[in-house]
Amino acid sequence: MGRGTVQVLLLLGLLHWGPGGEGRKTWRRRGQQPAAAAAARERSEATGQPVESFPLDFTAVEGNMDSFMAQIKSLAQSLYPCSAQNLHHELRLHLLLNSSVTCNDGSPAGYYLKESKGSRRWLLFLEGGWYCFNRENCDTRYDTMRRLMSSKEWPITKTGTGILSSQPEENPHWWNANMVFIPYCSSDVWSGASSKSEKNEYAFMGALIIQEVVKELVGKGLSNAKVLLLAGSSAGGTGVLLNVDRVAEQLEEMGYQGIQVRGLADSGWFLDNKQYRRTDCIDTITCAPTEAIRRGIRYWNGIVPERCKLQFKEGEEWNCFFGYKIYPTLRCPVFVVQWLFDEAQLTVDNVHLTGQPVQEGQWLYIQNLGRELRNTLKDVTASFAPACLSHEIITRNHWTDIQVKGTSLPRALHCWDRSLHDSNKNGKAPLKGCPIHLIDSCPWPHCNPSCPTIRDQFTGQEMNVIQFLMHMGFDVQKMAQQQGLEPSKLLGMLSSGS
C-alpha cells in the first residue's frame with residue numbers, strides 16, 4: 001500500500017473516527033450546526049460549485065492530545081503493513097558538494113536530512129556547543145571535542161528527537177516536516193566567513209555553511225517549500241538570530257520569494273551583564289561573554305546582519321550576538337525560547353552550582369538574572385520562558401512536558417504558526433485561547449512545577465522544588481517575611497508553582 005493511500009485513509013480516519021456509538025466525533029467548523037452544514041452542501045450542489053474545504057478543527061481533542069496521537073499512530077500502523085518498526089525515521093548524512101566550505105579542520109561540512117514527500121514545511125536545525133576564540137582554546141577544543149570541529153567521525157545516520165522527531169506523540173505539530181540537522185563544526189556561533197590557510201590554522205565558516213546547505217536543499221525540494229523554520233539551540237539559537245534574515249534574503253535572490261522564513265531560537269538569548277565574580281579571560285568558561293565575542297568575531301572574521309551592524313559603531317559588532325539587541329532589527333518573525341535561569345548564562349557569569357548551598361550574594365544574583373532576562377523579553381512578540389534552571393529544550397524528548405501558564409511549548413509554537421498563517425492570509429489578530437507570549441512571573445529557579453527534574457549531584461536522588469531551594473540555601477523564614485506571608489503559606493505556593 002503506497003504512502004499516498006495511507007495519508008488518504010488517515011485523513012478519512014480523522015474525519016470519521018471510530019466505528020460509531022458514543023465515542024464518535026465529527027469534525028466541522030466551530031459553531032457550524034449540522035443543519036447549516038447540510039444546507040451549505042445543498043446550495044453548493046445546486047449552483048454546481050465545489051464544496052468548501054477548510055482546515056480541521058482539533059479543539060475537541062486538545063485536552064487529550066496524548067490519547068488522540070496514540071490512536072492516529074495505531075491507525076497508521078494497522079494500515080501500513082511494514083509497521084512503525086520499519087518506517088524511515090532517521091536523518092541521513094550528506095557532506096557538502098562544495099568541498100571548499102568546511103569544518104574547522106578543513107574536512108567538508110554537511111547536514112543530515114529526512115525528507116517528507118508531500119510536505120511543504122522544512123525545519124533546519126543549527127546544533128549548539130559553545131565556541132573557541134583563540135588558537136590556544138581552539139587547540140584544546142580540538143583535542144577534547146573534535147566532533148564539534150571536524151566531520152571525519154560523524155555517523156552516517158542520526159535519529160531526530162524533540163522537534164526533530166518524526167513521532168507525532170513526541171512532536172505533535174512538526175513530525176511530518178522535512179527535517180534537516182546541521183552539525184556545528186565551525187566553533188564560531190554560526191557567524192564565521194574565513195577559510196583555512198597557511199596563516200589560519202582553522203577555518204571558521206559557520207555563516208557560509210548555512211548558505212551552502214540552503215543552496216543544496218533547493219535542489220532537493222526546498223524550492224517548493226511554503227515555510228522554512230530555521231531553529232537552533234544554545235550557540236545554534238544565537239546562530240538563528242544572526243542568520244534568519246540572511247537565509248530569507250538568499251532565497252529571495254534565488255527567486256523563491258514565496259517561502260516564508262521564520263526563526264526559532266532556543267537557549268541562545270544571552271545577556272551581556274556584569275559577572276557575579278570577574279575573572280580573567282583565559283578560556284571559554286571563565287571569559288565574560290562580551291569579551292569572548294569581541295575576541296572571537298575578529299578571530300573568526302565573523303559577520304553580522306547589516307541592519308544590526310548599522311546600529312553600532314565600527315568595531316562594536318559584537319553587540320549583535322546578544323538577542324535583545326539584534327531582535328528589534330530582524331525582519332523575519334522569530335519565536336524565542338529561553339529558560340529564565342539558563343545554566344550556560346550562569347556559567348559564564350561565574351555562578352557555579354556545585355552542589356554546595358549558594359551564598360546569599362549568589363542567590364540574589366540568580367534572582368536578579370531572572371528579572372533582567374524577563375525584562376528583555378517583554379517586547380518579544382512570541383516567547384516561551386519558564387522559570388527553570390536548565391539549558392536547551394527543543395530537541396529534548398521531554399520538551400512537550402514543560403508548561404508556562406498552562407500552555408506547553410509545542411502548543412505555543414502551533415499557536416504561533418496559526419497566528420502567522422492567519423495574519424498572512426487576512427490580517428487576523430492571534431487566536432483567543434492560543435497564547436504566544438508566555439513568560440513565568442514566579443521569581444525563583446524551578447518555581448514552575450513542570451520544570452525538568454533536578455537531581456542531587458552527589459546522591460543522584462531526585463529533588464522537589466522545596467528540597468532544591470533549601471539545597472541552594474533558600475531561607476524560607478526570611479523570604480516569607482519579605483513577602484509578608486506565613487512560612488507554611490509560602491511553602492504551599494512553591495509546591496503548587498504559584
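**Local contacts, salt bridges and internal cavities**

K405 sits in the loop that runs between β14 (403-404) and β15 (407-408). The model is predicted. With a relative accessibility of 58%, K405 is classed as exposed, because the threshold for that class is over 50%. Two residues outside its sequence neighbourhood of four places are in contact with K405, namely L438 and I439. I439 lies 34 residues from K405 along the chain, yet the C-alpha atoms of the two are 8.1 Å apart. A polar atom of the K405 side chain lies 3.2 Å from the backbone oxygen of I439.

E170 offers a second case of a loop residue. It belongs to the loop between β6 (157-159) and β7 (178-182). Its relative accessible area is 18%, so E170 is buried, the limit being under 20%. Once residues up to four places away in sequence are set aside, E170 touches T161, G162, S165, N397, W399 and T400. One of these contacts, W399, also appears in the lining of the second largest cavity.

Salt bridges were searched for across the whole structure. The search returns 12 of them. K117 pairs with E115, and the closest N and O atoms of this bridge are 3.1 Å apart. The two partners fall into separate accessibility classes. K117 is exposed, at a relative accessible area of 56%. E115 is partly exposed, at 33% relative accessibility.

A further bridge joins K325 and D272, with a closest N to O distance of 2.7 Å. This pair connects distant parts of the chain, its members being 53 residues apart. K325 is in helix α9 (residues 323-326), whereas D272 is in the loop between β9 (260-266) and α7.

The bridge between E291 and R295 is set within one helix. The N to O distance between their side chains is 2.8 Å. Both residues belong to helix α7, where a spacing of 4 residues places them about one turn of the helix apart. E291 is partly exposed at 25% relative accessibility. R295 is likewise classed as partly exposed, at 31%. Elsewhere, salt bridges with shared partners link R121, R262 and D417 into one network. D417 is also among the residues that line the second largest cavity.

Backbone geometry was considered next. S267 is a residue other than glycine, yet its phi is positive, near 55°. S267 is located in the loop between β9 and α7. This is the loop that also holds D272. S267 has a relative accessible area of 0% and is therefore buried. N301, also not a glycine, has a positive phi of about 55°. N301 lies in the loop between α7 and α8 (306-309). Its relative accessible area is 44%, so N301 is partly exposed.

Internal space was examined last. Rolling a probe the size of a water molecule over the atoms shows where empty space is left. Across the whole structure, 2 cavities of 30 Å³ or more are found. The largest has a volume of about 210 Å³. Its lining comprises 14 residues, of which W130, Y131, T238, F270 and I293 are the closest to the cavity centre. Three elements each give two or more residues to this lining: α6 (235-253), α7 (289-300) and α10 (343-348). The largest share comes from α10, with 3 residues. The lining contains 11 nonpolar and 3 polar residues, and no charged residues. Helix α7 thus contributes to the lining of the largest cavity and also carries the E291 and R295 pair.

The second largest cavity has a volume of about 40 Å³. Its lining consists of N171, H173, W174, W399, P410, L413, H414 and D417. By class, 4 of these residues are nonpolar, 3 are polar and 1 is charged. The charged residue is D417, because Asp counts as charged whereas His and Asn count as polar. D417 therefore belongs both to this lining and, by the salt-bridge definition, to the network with R121 and R262.

How values were computed. Residues are numbered from 1 along each chain as its sequence is written. This is a predicted model: local features need pLDDT of at least 70, side-chain atom pairs count only at pLDDT 80 or more; totals for chains, interfaces and linings use all residues. Side-chain values use heavy atoms; hydrogens and water are left out. On a 1 Å grid over the protein atoms alone, a cavity is a set of points where a 1.4 Å probe fits but cannot get out, and a pocket is an open set with protein on both sides within 12 Å along at least five of seven lines; lining residues have an atom within 4 Å of a point. Grid points are joined across faces, edges and corners, and a volume is the space filled by probe spheres set on the points. Buried means under 20% relative accessible area, exposed over 50%, partly exposed in between (1.4 Å probe, protein chains only). Contact means heavy atoms within 4.5 Å. A polar contact is a pair of N or O atoms within 3.5 Å; within protein, one must be able to donate a hydrogen and the other to accept it, and residues adjacent in sequence count only if both atoms are side-chain atoms. A salt bridge is a side-chain nitrogen of Lys or Arg within 4 Å of a carboxyl oxygen of Asp or Glu.
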